[in-house]
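Trainee: I have a structure open on my screen and would like to learn how to read its features. Could you walk me through it?

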Amino acid sequence: MSREIRVRFAPSPTGPLHIGGVRTALYNYLFAKKNQGKFLLRIEDTDQARYVAGAEEYIRESLEWLGITPDESPWNPGNVGPYRQSERKADYMQYALDLVEKGHAYYAFDTSEELEAMRERLTAARVVQPQYNSITRTQMKNSLTLPEDEVKARLASGEPYVIRVKIPRKEEVRFHDQIRGWVMVHTSTLDDKVLMKSDGMPTYHLANIVDDHRMGITHVIRGEEWLPSAPLHVLLYKYFGWEDTMPEFAHLPLLLKPDGNGKLSKRDGDRMGFPVFPLDWKNEETGDSAMGFREQEYLPEALLNFLAFLGWNPGDERELFTKEELVEAFSIERIGKAGAKFDIAKAKWYNEQYLRARSNADLADFVIEAAKKDEVELDSNKAEAIVSLTKERVTFPGEMWTQCRFLVNAPKEFDEQVASKKWNADAVAVLSAYAEKLSKFEGTYDSEVAKTLLGETADELEIKLGKIMQAVRLAVTGVGAGPDLMEIFAILGAGEVANRIQFAIKNLPRPE
RNA sequence: GGUCCGUUCGUCUAGGGGUUAGGACGCAUCCCUUUCACGGAUGAAACACGGGUUCGAUUCCCGUACGGACUACCA
């Protein structure tokens, strides 16, 4: 009988959720759904000093925006709660004490000054790795060196202490990683990590083992930065006697900066002008802020697809996947080992693809909102017209509006470069004749009519249309590039086009 | 420094003892379009290096180089 697949995403609420964390959440989600399992969210808030107000809500909103919804979370608890470690505080000590009793952990009373002194001493003695371990603990103040009654006395007096794991001197720790295969580490390189802090809170190492066990986690899918402490975790499972239900591990490759080396940081985004966080973030207290993919108008389905492909691929040549298709195709075996550079150009391409896949009605709402910020009220007909004019040519929804602003606001100024290059006597001749015709025009002025009429006008003057189209565009829109001109003419209407042409002829310098 | 992990076009990657080393993004050129895009076509572009093993290695093994993560009473 096999257990139900249960995975968790366990961020700590210390600030905005990094995009790498989002990918970790995504992979956990995909793996759970693929295997008809459960995806849980657990808040790792055991560091009270680093707790940032609003961070939890940020995590929740980010996941919601992307549709990576946890089956169980602090806000939607299952029956293995609490889902916030701080709320489980009282339990952890019992587990730590259990380890002390079994001889796998011990009390330590060293002050931070004493710890510092120890490190200095070791460094001076040219010890390569100054750490609290099987050798150095014999010289420190702990329940292994102090007489039993003194330990009791110190404990009774309320003196601050921590509980450390007792790492064996010579032992080989072997564990399997689903991405990297077998990993072997010798305990002589491990140190006696703190399990319980002096404030009564557990460290990550203790808390994550206890919680994963109690929450029935079957697979731990997390970032590569945890790989070095995985041997400790394996040891803890063994000391607790939970080897039978120890989860499988999968350590994900890191997200790297686009240029140079090293992991992707907020600075990289700021430097190169792209977001590194899902949502905008603003901390009123510290004043730090960050821009988000959502506010930069990346579509959630595009971000999701992009992120999924950073370190994973389906093995065939498909690139575009909905969330459901990702679930269907996902497998841990196909996750790569090497870190992936964060290439925003690809993200933009995905955004274009998904933008074009959205319905015009849907996109029209975007356009209406964007116009509102410019204090322009658009009805849905006009907005949809703008959408069909532009959706094939923009990366972000907001650009649909910025590219069409001139529809509402007639140009007062003209692009000088285009004017000096393309504004010529032929163009003026055709345009004034065209405007003349338009002012007398009656009937339906659609893009076909607009085009035919313009063609006829040019023919009569024996001027090639191709030579003057840029100038025509300039006269009516003020710039040299944009959506299909004849469609624009149709939207503007004959009278408005005529007016604009006349304004342009009056205000642009008269060509030779 | 130590431990662990990694290395195929500029980027994301497929592949895997014998291949013209495949795709996508980006880039370039051309076609379509009496404008601008979309689209289509084509092109340039990669197995880090050195040793083995082998008839044959980009693929397996070992080194080297380079890169990364970790090395807290942070997660």
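Trainee: Let's start with Arg180: what lies 2.5 Å from a polar side-chain atom of this residue?

Mentor: A sugar or linking oxygen of RNA strand B is found at that distance from Arg180. Keep in mind that this is a predicted model, and the distances are computed from it.

Trainee: Which part of RNA strand B does Asp484 meet?

Mentor: Asp484 has a side-chain N or O atom 2.4 Å from a base oxygen of RNA strand B. With Asp110, the polar atom belongs to the backbone, and it lies 3.3 Å from a base nitrogen of the RNA strand.

Trainee: How many residues surround RNA strand B, and which are the closest?

Mentor: There are 58 around RNA strand B, and the closest are Arg180, Lys197, Arg393, Arg473 and Asp484. By class, this surface has 24 charged, 21 nonpolar and 13 polar residues. Helix 19 (465-477) supplies at least two of its residues; in fact, helix 19 gives the most, with 5 residues.

Trainee: What share of the RNA atoms within 4 Å of the protein belongs to sugar or phosphate?

Mentor: For RNA strand B that share is 77%, and the rest belong to bases.

Trainee: Now for the pockets. How do I find empty space in a model?

Mentor: Rolling a probe the size of a water molecule over the atoms shows where empty space is left. Here, the largest pocket has a volume of about 1100 Å³. It is lined by 41 residues, and Pro11, Ser12, Gly21, Glu225 and Trp226 are the closest to its centre.

Trainee: Which element gives the most to the lining of the largest pocket?

Mentor: Helix 1 does, with 5 residues. Strand 1 (6-9) and strand 8 (219-223) also give two or more residues each.

Trainee: And what about the second largest pocket: what is its volume?

Mentor: The second largest pocket holds about 170 Å³ of space. Its lining has 13 residues, with Asp110, Thr111, Ser112, Val162 and Ser198 the closest to the centre. So look again at Asp110, whose backbone also has that polar atom 3.3 Å from a base nitrogen of RNA strand B.

Trainee: Last one: how should I think about side chains in a strand?

Mentor: In a regular strand the side chains alternate between the two faces of the sheet. In this model, try strand 1, which pairs with strand 2 (residues 38-41) in the parallel sense over 4 bridges. Arg6 stands opposite Lys38 in strand 2. Together with helix 1, these two strands make a right-handed β-α-β unit.

Terms used:
Residues are numbered from 1 along each chain as its sequence is written. Chains are lettered from A and ligands numbered from 1 in the order in which they are written. This is a predicted model: local features need pLDDT of at least 70, side-chain atom pairs count only at pLDDT 80 or more; totals for chains, interfaces and linings use all residues. Side-chain values use heavy atoms; hydrogens and water are left out. On a 1 Å grid over the protein atoms alone, a cavity is a set of points where a 1.4 Å probe fits but cannot get out, and a pocket is an open set with protein on both sides within 12 Å along at least five of seven lines; lining residues have an atom within 4 Å of a point. Grid points are joined across faces, edges and corners, and a volume is the space filled by probe spheres set on the points. Two strands pair if DSSP finds at least two bridges between them. A crossover is right-handed if, with the strands pointing away from the viewer, the path from the first strand over the helix to the second runs clockwise. A residue is near a molecule or strand if one of its heavy atoms lies within 4 Å of it. A polar contact is a pair of N or O atoms within 3.5 Å; within protein, one must be able to donate a hydrogen and the other to accept it, and residues adjacent in sequence count only if both atoms are side-chain atoms. Ala, Val, Leu, Ile, Met, Phe, Trp, Tyr, Cys and Pro count as nonpolar, Asp, Glu, Lys and Arg as charged, and the others, Gly among them, as polar.
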